[in-house]
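I opened the notebook today to look at how the helices of this chain pack and what lies in its interior. The entries follow in the order in which I looked things up.

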Amino acid sequence: MMNSQITELLLTGIGETFYMVVVSTVIAYLLGIPLGVVLYITDTNGICRNRIVNLITGFIINVVRSIPFLILLVAILPFTRAIVGTTIGSTATIVPLVVAAAPFVARMVESSLKEVDLGVIEAAKVFGSSTWQIITKVLLPEAKPSLLVGGTIAFATILGYSAMAGFVGGGGLGAIAVNYGYYRYQSDVMLITVALLIIIVQVFQEAGIRLVNKIDKRIR
């Protein structure tokens, strides 16, 4: 049965979940955008072709992406402890979330950049733009709508990862679902946490779509 203690616990869980997911998403994008740009510009049709750099970067990203999150979470526990001093709680969960999400973000960024019209890039070259100017003033601005859509997908993915972290001492709604809904057989708590996770994803998805519709020059 629901009571004030469970209600307070759920509110705390929502706060911890937002903290983990938002911080992890931001850091993952700070790492993933440069990686995605490197993948794109060093590709066969890129503006800075470099097969060796592209193969090495792509290989590392593919290896990390291939590891199931729960296995990755356990495998990097020593690294997590070295970074934040603990392996339990919402702050500790951010480390494996970033490690898992950054390669995923990098591939989405690469895909978004590939949607940019090559004619726009060629025009920038004709006007004498440097590689840095093409990246910052052409590629990323032109890919902004697709990047925002990717951001909503990444948020939902990281939210799912954060819920799984509850099995190994992570915080947030995932920990509540595991500790109360699974171990204590409180099915009502389990259903509520699932409903809350669904609502959070839907809100962010809708907000992301509305934002894209506002800034996308192709939608008029």
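Which residues in α9 meet which residues in α10? Before answering, I note that this is a predicted model, in which local features need pLDDT of at least 70 and side-chain atom pairs count only at pLDDT 80 or more, while totals for chains, interfaces and linings use all residues. Residues are numbered from 1 along each chain as its sequence is written, and side-chain values use heavy atoms, with hydrogens and water left out.

Entry 1, the helix pair. I found that L173, I176, A177, Y180, G181 and Y182 in α9 meet V189, M190, T193, L196, L197 and I200 in α10, where contact means heavy atoms within 4.5 Å. By type, the residues of this contact are ten nonpolar, two polar and no charged (Ala, Val, Leu, Ile, Met, Phe, Trp, Tyr, Cys and Pro count as nonpolar, Asp, Glu, Lys and Arg as charged, and the others, Gly among them, as polar). I then looked up the geometry: α9 (residues 173-182) and α10 (residues 187-215) pack at about 160°, with axes 8 Å apart, the axes being lines fitted to C-alpha atoms over the stretch in contact and the angles running from 0 to 180 degrees between N-to-C directions. The two helices are therefore roughly antiparallel, a term for angles over 145 degrees.

Entry 2, the whole chain. I counted ten helices and zero strands, these being DSSP runs numbered from the N terminus (helices H or I, at least four residues; strands E, at least two). Of the 220 residues, 40% count as buried, that is, under 20% relative accessible area with a 1.4 Å probe, protein chains only.

Entry 3, the core. The largest nonpolar core has 46 residues, and I41, L113, I121, I134, L139 and L173 touch the most other members; such a core is a set of buried Ala, Val, Leu, Ile, Met, Phe, Trp, Tyr and Cys residues joined through side-chain atoms within 4.5 Å. The helix that gives the most to this core is α5, with ten residues. I followed L139 further and found that, not counting residues up to four places away in sequence, L139 touches Y40, I41, L113, V116, I121 and I134.

Entry 4, a serine. Is S24 buried or exposed? S24 lies in helix α1 and counts as buried because its relative accessibility is 0%. Leaving aside neighbours within four places in sequence, I find S24 in contact with I94, L97, V98 and I158.

Methods. Angles under 35 degrees count as roughly parallel, over 145 as roughly antiparallel, 65 to 115 as roughly perpendicular and the rest as oblique. Buried means under 20% relative accessible area, exposed over 50%, partly exposed in between (1.4 Å probe, protein chains only).
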